[in-house]
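Thanks for coming. I have one structure to go through this morning, and I will keep to salt bridges, cysteines, one hairpin and one helix contact. Please have the sequence and the model open.

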Amino acid sequence: MLINKSDLWIARGITGIFLRGASGCKTLTQLGLMSTLVNRNITLKGRRTSLRLEPDMWEALFEICVRENCPIGELCTQIDEAKEDSSLTAAIRVYILIYFRNAAASDRPRDVETFLGEAI
């Protein structure tokens, strides 16, 4: 996205920095100029570490912790110990994907006839 600097003015607000131009007022994140990742500190194996994930990934991770009745630090420690050649954040994203893919598969009917029977 090209931005003509002469058509913009920058304002700092309570919730962040905004750019105002012909298309209206937008935050830097909405314009794709800032990261949408959220930093959070967790404790892994007794030491504090920082993770950067998208807000939806944090929400999904917290939902898994509630479903499994497992503290976030403990779940992330298990993921960290099981990962092989990837970063912790990449391993967490893959874990979330696999977790919800398996949850969705277990909710589906086993055969097509059962599904069609319920739909009709």
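Is Arg93 buried, exposed or partly exposed? Partly exposed: its relative accessible area is 25%. Before I go further, note that this is a predicted model.

Arg93 is a useful place to start, since it forms a salt bridge with Glu54. The closest N and O atoms of that pair are 3.2 Å apart. Arg93 sits in helix α3, residues 88-107, while Glu54 is in the loop between β5 (47-53) and α1 (55-68), so this salt bridge ties together parts that are 39 residues apart in sequence. Glu54 is also partly exposed, at 27% relative accessibility.

How many salt bridges does the structure hold? Four. Another of them is between Arg67 and Glu63, again with 3.2 Å between the closest N and O atoms. Here both partners lie in helix α1, four residues apart, which is about one turn of the helix. Arg67 is partly exposed, with a relative accessible area of 48%. Glu63 is partly exposed as well, at 35%.

Next, Asp80 and Lys83. They form a salt bridge in which the closest N and O atoms are 3.7 Å apart. Salt bridges with shared partners join Lys45, Asp80 and Lys83 into one network. Asp80 counts as buried, at 14% relative accessibility. Lys83, on the other hand, is partly exposed, with a relative accessible area of 26%.

Lys45 brings me to the hairpin. Where in the hairpin is Lys45? It is in the turn of the hairpin formed by β4 and β5, which has two residues between the strands, and Lys45 has a positive phi of about 50°. Strand β4 covers residues 38-44, runs antiparallel to β5, and is joined to β5 by seven bridges. If you want a pair to look at on screen, Asn41 stands opposite Ser50 in β5. As a reminder, side chains in a regular strand alternate between the two faces of the sheet.

Now the cysteines. How many disulfides does the structure hold? Zero. Why is there no bond between Cys70 and Cys65? The cysteine sulfur closest to that of Cys70 is in Cys65, and at 5.7 Å it is too far for a bond; a disulfide would need the two sulfur atoms within 2.5 Å. The answer for Cys76 is along the same lines: its closest cysteine sulfur is also in Cys65, at 6.6 Å, too far for a bond. For anyone thinking about accessibility, Cys70 is buried, with a relative accessible area of 12%. Cys76 is buried too, and its figure is 0%.

Last item, back to helix α1, where Ala60 is found. Which residues does Ala60 touch, leaving aside those up to four places away in sequence? Ile96 and Phe100. Ala60 and Ile96 are 36 residues apart in sequence, but their C-alpha atoms are 6.9 Å apart in space. Ala60 counts as buried, at 12% relative accessibility.

To recap, there are four salt bridges and zero disulfides. The salt bridge from Arg93 to Glu54 ties parts 39 residues apart in sequence, and Lys45, Asp80 and Lys83 make up one network. That is all I have.

Definitions and conventions. Residues numbered from 1 in each chain as written. Predicted model: local features only at pLDDT ≥ 70, side-chain atom pairs only at ≥ 80, totals over all residues. Heavy atoms only, no water. Buried < 20%, exposed > 50% of the residue type's maximum accessible area, 1.4 Å probe, protein only. Salt bridge = Lys/Arg side-chain N within 4 Å of Asp/Glu carboxyl O. Pairing = 2+ DSSP bridges. Contact = heavy atoms within 4.5 Å.
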